[in-house]
Amino acid sequence: MDVYGTRAAALDGFVASRLQPRKEFVEKTRRSLGTLDAALRARRGRPGAAVPRVLKIVKGGSSGRGTALKGGCDLELVIFLDCFKSYEDQRALRAEILSEMRTLLESWWQSPVPGLSLEFPEQHMPGALEFRLTSRDPEDWMDVSLVPAFDVLGEGFLDHSRIGGRSLGIAEGFQF
């Protein structure tokens with residue numbers, strides 16, 4: 001049966017069974033990203049430098065908006081750090097922060113979530129670290145981009161309604 005032959009009352013079930021990623025995959029990626037969150041919280045920072053504190057994490061992309069479909073979805077995690085005092089700081093420290101994030105991801109994945117694999121595709125965005133979480137089912141994968149960012153509006157002004165994403169609700173004091 002296709003969407004045109006589906007009664008209005010059965011559309012939610014049709015979308016859930018035919019269009020959205022499997023619940024098992026969604027749960028595994030949530031659990032996996034939850035452990036990444038914990039790894040970010042435990043991060044002690046760069047040797048010889050002040051520990052960058054995460055001001056806020058905002059998620060976007062189809063997964064962040066809740067519109068993910070089978071056949072792949074994307075998630076952007078914009079990580080606002082206090083070590084950036086200007087866009088110039090962001091540009092100057094970007095490579096170092098992205099390198100630290102990659103090292104953190106590689107150590108975080110030493111205890112993978114069963115049924116998921118981590119891949120680092122060719123990096124296409126110079127200001128982000130991209131990785132992919134895949135399952136055994138070829139229709140279930142998620143492209144994730146970690147984007148370190150300067151909080152131009154200042155702490156307390158990162159309202160999700162202004163920047164088009166949903167906050168992960170990370171409490172103050174969260175460290176990268």
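User: Which helix holds both R102 and E106, and how many residues apart are they?

Analyst: This model is predicted. R102 and E106 both sit in helix α4, 4 residues apart, which is about one turn of the helix. The two form a salt bridge, with the closest N and O atoms 2.9 Å apart.

User: Are R102 and E106 buried or exposed?

Analyst: Partly exposed lies between the cut-offs of 20% and 50% relative accessible area. R102 is partly exposed at 30%, and E106 is partly exposed at 37%.

User: How many salt bridges does a search of the whole structure find?

Analyst: The search finds 6 salt bridges. Another pairs D143 with R132, at 2.6 Å from N to O. D143 belongs to strand β5 and R132 to strand β4, so this pair ties together parts that are 11 residues apart in sequence. D143 is partly exposed at 25% relative accessibility, and R132 is partly exposed at 26%.

User: Which residues are linked in a network of salt bridges?

Analyst: The network links R22, E24, K28, D137 and D140. Within it, E24 forms a salt bridge with R22, their closest N and O atoms being 3.0 Å apart. E24 is partly exposed at 45% relative accessibility, while R22 is partly exposed at 30%.

User: Turning to the interior, how many residues does the largest nonpolar core have?

Analyst: A nonpolar core is read as buried nonpolar residues joined through side-chain atoms within 4.5 Å. The largest one here has 32 residues, and F131 and L146 have the most contacts inside it. At least two core residues come from each of α2 (23–42), β1 (54–60), β2 (73–81), α4 (87–108), β3 (116–119), β4 (129–135) and β5 (141–149). α4 gives the most, with 7 residues.

User: Which residues of α4 are buried, and where does this helix bend?

Analyst: The buried residues of α4 are Q90, L93, I97, L98, E100, M101, L104, L105 and W108. The helix bends by about 55° at L93, a residue that is itself in the buried set.

User: Which residues is L146 in contact with, leaving aside its neighbours within four places in sequence?

Analyst: L146 is in contact with L77, I79, L98, M101, L105, G127, A128, L129 and F131. Among these, L98, M101 and L105 are also buried residues of α4.

User: How should I read side chains along a strand?

Analyst: In a regular strand, side chains alternate between the two faces of the sheet. For the case here, take S145 and V147, both found in strand β5. S145 counts as buried at 6% relative accessibility, whereas V147 is partly exposed at 21%.

User: Which residues do S145 and V147 touch, not counting those up to four places away in sequence?

Analyst: S145 touches L75, E76, L77, M125, A128, L129 and E130. V147 is in contact with L77, V78, I79, G127 and A128. The C-alpha atoms of V147 and L77 are separated by 6.1 Å, although the two residues are 70 apart along the chain.

User: What is the bridge partner of K59 in β2, and how do β1 and β2 run?

Analyst: The bridge partner of K59 in β2 is L77. β1 and β2 run antiparallel and are joined by 6 bridges. β1 is mostly covered, with 5 of its 7 residues buried.

Key: Residues numbered from 1 in each chain as written. Predicted model: local features only at pLDDT ≥ 70, side-chain atom pairs only at ≥ 80, totals over all residues. Heavy atoms only, no water. Buried < 20%, exposed > 50% of the residue type's maximum accessible area, 1.4 Å probe, protein only. Contact = heavy atoms within 4.5 Å. Pairing = 2+ DSSP bridges. Bend = angle between axes of the 7 residues up to and from the residue. Salt bridge = Lys/Arg side-chain N within 4 Å of Asp/Glu carboxyl O.
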